[in-house]
Structure formats: structure tokens, C-alpha cells
Amino acid sequence: MKSNTRYAGGFTSIDRTVHRFWKVFSSLSSEQQGLLLRFVTSCERPPPLGFASMNPPFTIQRIGILRDGDRLPTAATCFNTLKLPTYSSEKIMKERLVYAIESGTGFELS
């Protein structure tokens with residue numbers, strides 16, 4: 001997934017927030033990783049032909065914030081895009097991301 005991810009809104013693969021995201025992602029349980037995938041793409045399983053075949057590609061978009069409490073992560077499922085705020089720490093990012101993906105709201109309720 002990581003090698004087929006696109007970055008938008010000013011993010012690059014070497015951005016500090018992007019590094020934090022991948023550390024948080026790898027620390028999630030497999031169930032939480034599935035919830036994250038569902039949160040972003042509306043499907044909790046990887047594409048049958050792999051992430052390289054995903055169209056549009058899995059994308060992480062930068063959302064600038066002034067304070068950690070300003071926004072939760074959001075997603076544009078039609079575009080497979082995670083709109084990720086620039087949180088100040090890995091701990092806060094994980095808390096906010098887990099809250100968003102486990103909240104029980106999303107594509108099917110919109």
C-alpha cells in the first residue's frame with residue numbers, strides 16, 4: 001500500500017506527518033487497518049489485484065491546522081483520499097485517527 005500511495009496538498013513521501021502516518025498505520029491492529037481502508041475507500045479489503053491497480057490511487061492529502069483539536073481526519077471515498085491534518089505528534093495522530101475510523105459513521109450513513 002505504501003509504495004502505491006500518492007500524496008497531495010503539499011505532502012511528499014518524506015514529510016514528517018507522512019512518516020508519522022505510516023508509523024501509526026503499522027501500529028494499528030489488522031482490524032483497525034481494515035477500518036482505515038474502509039474509511040478511505042469504502043472497502044475494508046485491499047483490491048484483488050493489489051494497490052497498484054487501485055484507480056484512483058490511495059492518496060493522503062495534507063490538511064493544515066493550527067491546533068491539534070481543530071479537525072479530525074476525513075475522507076473522500078470516491079477519490080480514495082484520506083484528508084489528514086498535520087498533527088503535532090504521533091500519539092495525537094493515532095488517537096484522532098482511531099477515533100475517526102472507529103466512530104461508526106462514514107460512507108454508508110452519509
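User: In this predicted model, which residue in β2 is the bridge partner of Tyr-7?

Analyst: The model is a predicted one, and in it strand β1, residues 6-8, pairs with strand β2, residues 59-63, in the parallel sense over three bridges. Tyr-7 belongs to that pairing, and its bridge partner in β2 is Ile-60.

User: Which residue in β4 is the bridge partner of Arg-62?

Analyst: Strand β2 also pairs with β4, in the parallel sense and over five bridges. Within β4, the bridge partner of Arg-62 is Leu-84.

User: What pattern of helices and strands does the protein chain follow along the sequence?

Analyst: The protein chain contains three helices and four strands. Read along the sequence, these elements give the pattern β-α-α-β-β-β-α.

User: How many residues does the largest nonpolar core have, and which elements each supply at least two of them?

Analyst: The largest nonpolar core has 25 residues, and those with the most contacts inside it are Phe-21, Trp-22, Leu-36, Ile-60, Leu-82 and Leu-84. At least two residues of this core come from each of α1 (16-27), α2 (30-41), β4 (81-85) and α3 (90-102). In soluble globular proteins, nonpolar side chains tend to be buried together. The count asked for is 25 residues, and the elements are α1, α2, β4 and α3.

User: Which residues does Leu-36 touch, leaving out those up to four places away in sequence?

Analyst: Leu-36 is one of the residues with the most contacts inside the largest nonpolar core. When residues up to four places away in sequence are not counted, Leu-36 touches Phe-21, Phe-25, Leu-28, Leu-97 and Ile-101.

User: Are the rings of Trp-22 and Phe-25 stacked or edge-to-face?

Analyst: A search of the whole structure finds three aromatic pairs. For the rings of Trp-22 and Phe-25, the centres are 5.6 Å apart and the planes stand at 80°. Planes over 60 degrees apart count as edge-to-face, and therefore the pair of Trp-22 and Phe-25 is edge-to-face.

User: Which residues form one aromatic cluster with Trp-22?

Analyst: Trp-22 and Phe-25 are three residues apart in helix α1, which separates them by about one helical turn, and both Trp-22 and Phe-25 are buried. The aromatic cluster that contains Trp-22 is completed by Phe-21 and Phe-25.

User: What radius of gyration does the protein chain have?

Analyst: The C-alpha atoms of the protein chain fill a box of roughly 40 × 30 × 25 Å along the principal axes, and buried residues make up 37% of the 110 residues. A compact globule with 110 residues would have a radius of gyration near 13 Å, and the value for the protein chain agrees, being 13 Å.

User: Which residues does the cis peptide bond join?

Analyst: The bond in question has an omega of about 0°. Its proline, Pro-56, lies in the loop between α2 and β2, and the cis peptide bond joins Asn-55 and Pro-56.

User: Is Asn-80 buried or exposed?

Analyst: Asn-80 sits in the loop between β3 (74-76) and β4, where its phi is near 55°, a positive value in a residue other than glycine. The relative accessible area of Asn-80 is 8%, and buried means under 20%, so Asn-80 is buried.

User: What is the relative accessible area of Ser-42?

Analyst: Ser-42 is found in the loop between α2 and β2, and has a positive phi of about 75° although it is not a glycine. Ser-42 is partly exposed, with a relative accessible area of 31%.

Conventions: Residues numbered from 1 in each chain as written. Predicted model: local features only at pLDDT ≥ 70, side-chain atom pairs only at ≥ 80, totals over all residues. Heavy atoms only, no water. Core = buried A, V, L, I, M, F, W, Y, C linked by side-chain atoms within 4.5 Å. Buried < 20%, exposed > 50% of the residue type's maximum accessible area, 1.4 Å probe, protein only. Contact = heavy atoms within 4.5 Å. Phe/Tyr/Trp six-rings, centres within 6.5 Å; stacked < 30°, edge-to-face > 60°. Pairing = 2+ DSSP bridges. Rg over C-alpha atoms; globule rule 2.2 N^0.38 Å.
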